[in-house]
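Hi,

Here is the structure I promised to pass on. Have a look, and then read on for what turned up in it.

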Amino acid sequence: NTELARIGAGFYLDINKHLLTEDEIKNGTAGLLDTGTGTLDKVKIINGELEHEVGFALCIVSGKTYVVRGKKLFET
């Protein structure tokens, strides 16, 4: 971030943005979403579904990979 500021990038990287807590992992209330962009984004999971619809993606939850269609998670 220091180097980004030095070159006037106008943005910074938040290294804590996508960290999952132990409770989120244990309870399956958050996961990492892979939409094919090359990044994994933290998502909230409520009653076994994503909080927001995303179309088609993959989601890693509690060490398992799921296919996402809309908001629903399907075990691979």
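Let me start with a question: is Lys64 buried, partly exposed or exposed? With a relative accessible area of 41%, Lys64 is partly exposed. Before you read too much into that, bear in mind that this is a predicted model.

Salt bridges

Lys64 has a partner: a salt bridge joins Lys64 to Glu75, with 3.6 Å between the closest N and O atoms. This one ties together distant parts of the chain, as Lys64 sits in strand β5 (residues 64–69) and Glu75 in strand β6, 11 residues apart. Glu75 counts as exposed, because its relative accessibility of 54% is over the 50% cut-off.

In total there are 4 salt bridges, and here are two others. Lys72 pairs with Glu49, and their closest N and O atoms are 2.8 Å apart. Again distant parts of the chain are linked: Lys72 belongs to strand β6 (residues 72–75) and Glu49 to strand β3 (residues 49–50), with the two positions 23 residues apart. Both ends are partly exposed, Lys72 at 43% relative accessibility and Glu49 at 26%.

The bridge between Arg6 and Glu3 is a local affair. Their side chains meet at 2.4 Å, N to O, and both residues lie in helix α1 (residues 2–6), 3 residues apart, or about one turn of the helix. Arg6 is exposed at 60% relative accessibility, while Glu3 is partly exposed with 44%.

Rings

If you were hoping for aromatic pairs, the count is 0. There is a charge over a ring, though: Arg69 lies over the face of Phe74, 5.4 Å from the ring centre.

The core

Which residues make up the largest nonpolar core? The set has 10 members: Leu33, Val43, Ile45, Leu50, Ala57, Cys59, Val61, Tyr66, Val68 and Leu73. Strands β2 (40–46), β4 (56–61) and β5 each contribute at least two of the core residues, and β4 gives the largest share, with 3.

Leu50 is a good place to start browsing the core. Not counting neighbours within four places in sequence, Leu50 is in contact with Leu33, Val43, Ile45, Cys59, Val68 and Leu73, among others. The contact list of Leu50 also includes Lys44, Gly70 and Lys71.

Over to you!

Definitions and conventions: Residues numbered from 1 in each chain as written. Predicted model: local features only at pLDDT ≥ 70, side-chain atom pairs only at ≥ 80, totals over all residues. Heavy atoms only, no water. Helix = DSSP H or I, 4+ residues; strand = E, 2+ residues; numbered from the N terminus. Buried < 20%, exposed > 50% of the residue type's maximum accessible area, 1.4 Å probe, protein only. Phe/Tyr/Trp six-rings, centres within 6.5 Å; stacked < 30°, edge-to-face > 60°. Lys NZ or Arg CZ within 6 Å of the ring centre and 35° of its normal. Core = buried A, V, L, I, M, F, W, Y, C linked by side-chain atoms within 4.5 Å. Contact = heavy atoms within 4.5 Å.
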